[in-house]
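Trainee: Before I take any labels on trust, can we go through what stands behind them?
Mentor: Sure, let's put it up and go term by term.

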Amino acid sequence: MFKENSPFDPRYFQVLFQLIFLCYGIFFLQWNDWTHYIISIIGCLLFNYLTESIKQGKMLPAFGKQGWNLWGFSVMISAMSLCLLLKTNHWYTSLVACFLTVLSKYIFRIGKKHLFNPSAFGIVATLLITKDAWLSPGQWGSNAILFFLISVLGTIVVTRVQKLDTSLAFSLTFIGLLYWRQIFVLGWPLDYFIHSISSGSLLLFGFFMISDPKTSPNHRVARIIWAMSVAIIAFYFSAFKWIYNTPIWILVAAAPIVPILDRFFSSKPFEWSSSTVYIRSISKIKKE
Amino acid sequence: MKSFRKKIAAVMVVTAMITHEASAFCGFYVSKADGTLKNKTSQVIIVHDGNRSVVTMYNDFKGDMKDFAMVVPVPVVLKRNDIKVVDQQIFKLLNEYSQPRLVEYYDENPCYLRYDDSDKKEKAPMASMLEGKVSGLSVQRADLGVKIEAKYLVGEYDILLLSAKESSGLKTWLTENGYKIPEAANEVLQPYINSNMKFFVVKVNEKELKKLSGNFLRPIQISFNSPKFMLPIRLGMANADGDQDMIVYAFTKKGRIESTNYRNVELPTGKKIPLFVQNNFSNFYSNLFQHQWDREGKAVTMLEYAWDVSPKNYMKCDPCVATAPSTQDLLQSGVFWLNQNTDYDPQNLDDDNSNDLVYSDNVYFSRLHIRYNRNSFPQDLMFQETSNTENYQARYIITHPATGDLNCVGGKKYLSDLKQRRREEMQQLVSLTGKGYSDWDVVTNNDEEKFIPAENSYNEAAIANNKIEKRQHGILFATLGVMGLISLVGFRQRRKKPM
């Protein structure tokens, strides 16, 4: 029934949920940055196809094991992240972001892992280089329903790739620090704090970006330490230096620490295919 | 529609925003008299680059001027040179230049080739800005943990900069010195004190006041270096119930400003609306604003205008409803990076470095309109400057019908198109403002409408739209009914089968 490389890769869910968020933005929050969305998706796919083809020394097929699954999938998640997070003035800036995103996938590699989260690197590099792009931390508003939705959907995605630990370590640390600062130290009322944590940006980061298994440490303990450090540093800069979108900047800045952590805490590196075990075991049961 | 040749004949603006009565800035007015003061619409200019901010607060105080007092949290202790008073004309100018606009088009009579329209009219905007009120004081120090960090006389104002250790001490101090502090202020004073904010306390100096010629208080402009790019609205909510409005005129180097902790919404713009709205644009706009604000979930900032107003940029609006701010106006608003001596100073510009100022001639203007209340706005407004340079203006379009004899082939076509267009305009009106057809007084200008048959009038359009709506409701109910019946039958059959 199901093939070895089942199409029910957990990344399908991830792209699907990202798509749901984008639709939420488009239909409920009146986002209309169509050029950016289209360029981001086409640009990422195109660049990734070309780079992968060059790497393999042949033109890759459009579909199948050597096709879409190889060159299309992973970059699709990055492309969707660009759509969801980045804003640009011009189409060519979006294209630059795609290029940088794909570039980081191929250039900054250590073994089978990426050094940087591709979309985080693409976003940060575009912000630094072009000065024509920006992030809107307030874009999701503070809708409680969205808060719920992202948490639940995010949890599903993350549990499927067995990395809930990263997301929880980051989110709980960051939220805990915010609570300490806003309620205990400054004495704001509770709704002040709730407003801070119900921003979709924070949750999206926690569940879709920092949880990327290709860029987080392999060992569970290392992963938790790492996620907590990102949260602490990001909190410091946002609370005391008044800098916005700190998590994404810190994620990129802290990326070089991951290989060092991997050396200290040795563990088997993550492979996307291993997560399809769940589906395969079902098919085996059915066969029996 | 394209067959109509249109031209902009005139541009008309009506002040739509300042509809509320009294008003205040992000601080709160304090009163010696026991009357409760309501803060309603306030206006503020923020100029921001790197870590430097210049904030100008419009003083819309209404009442006996010597009773005026105000408390504003500020991030640092301001120096004497950081505080000045400016001409209040600047607010009028910025408001008129950037406010939502109504644009008029004239249809050309398809039965004539050229039709000269000499009836160009321009209506002057009427701005009604009001002044707020209250208090007087004598400065005494008590050991309440309150420290007077600085004390200045600036223009007609006595200014104190206070730091405090505890909100109760600060509150007692202010009360003892004649400021009436609202009960609810306690909850916000403490967080500000804990955040190491200082309090900028203003009252009117009666001697200086007498020297003034006009009977108004001038806006106060303060400048400071701090990474905090924000407006403390929480304090202003302490003595206000209900919704308050604030207009923020922001000047930056790169592009639009936006809130980082509330969603930023652009108001619907470029919509064609019925002609009769011109009689009451202000009412139309306040309904539109209220409706959009409700629809967007209230916790939002609304963009009303965004444009590159750099002295070098030639086109500053399209169409312009008032003169664009000149270099002098920008300097007065506090745009500190403009070099007033040379018109062009192409050397750039990378952000930051609060003290060594880099001159630049890039100025980007954003106008935000924020309607806030305690429930929807638990936090102060935090801002960031973005690279977004897309121009925007809240702009609504009315179209005058063609005049003269329309009895030709083109004329008939025109009339049937007009009928359709007016229906669409009526639908647009309802969807923008959330008010039904019957809520609008359809006042027609007989001179203009005399060539248009009654069946093409807005009244007919409204009636037709009503009918369509009813029919649509009918269809909806019918569909639901049929679906209900089918499912009922389905259930019955299913229930029967197992038997």
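Trainee: What makes A:Arg220 and A:Asp165 a salt bridge?
Mentor: The term asks for a side-chain nitrogen of Lys or Arg within 4 Å of a carboxyl oxygen of Asp or Glu. Here the closest N and O atoms of A:Arg220 and A:Asp165 are 3.4 Å apart, so the pair fits the definition. A:Arg220 sits in helix α10 (residues 220-240) of chain A and A:Asp165 in helix α7 (residues 164-185) of chain A, so the pair ties together parts 55 residues apart in sequence. Helices here are DSSP runs (H or I, at least four residues), strands are E runs of at least two, and both are numbered from the N terminus.

Trainee: What ground rules apply?
Mentor: This is a predicted model, where local features need pLDDT of at least 70, side-chain atom pairs count only at pLDDT 80 or more, and totals for chains, interfaces and linings use all residues. Residues are numbered from 1 along each chain as its sequence is written, chains are lettered from A and ligands numbered from 1 in the order in which they are written, and side-chain values use heavy atoms, with hydrogens and water left out.

Trainee: Which salt bridge is there between chain B and chain A?
Mentor: The count between these chains is one: A:Asp191 with B:Arg374, whose closest N and O atoms are 2.8 Å apart. Over all chains, the search finds 20 salt bridges.

Trainee: How many residues of chain B are in contact with chain A?
Mentor: With contact meaning heavy atoms within 4.5 Å, 33 residues of chain B touch 27 residues of chain A. The two chains bury about 2,400 Å² between them, 53% of it on carbon and sulfur atoms. That is accessible area (1.4 Å probe) lost on being put together, summed over both parts. In chain B, B:Arg263, B:Gln379 and B:Ser387 lose the most area to chain A, together 23% of what that side buries.

Trainee: What is the volume of the largest cavity?
Mentor: About 90 Å³. A cavity is a set of points on a 1 Å grid over the protein atoms alone where a 1.4 Å probe fits but cannot get out; lining residues have an atom within 4 Å of a point. Volume is the space filled by probe spheres set on the points, which are joined across faces, edges and corners. Of the 13 lining residues, those closest to the centre include B:Val55 and B:Phe224. β5(B) gives the most to this lining, with three residues.

Definitions and conventions: On a 1 Å grid over the protein atoms alone, a cavity is a set of points where a 1.4 Å probe fits but cannot get out, and a pocket is an open set with protein on both sides within 12 Å along at least five of seven lines; lining residues have an atom within 4 Å of a point.
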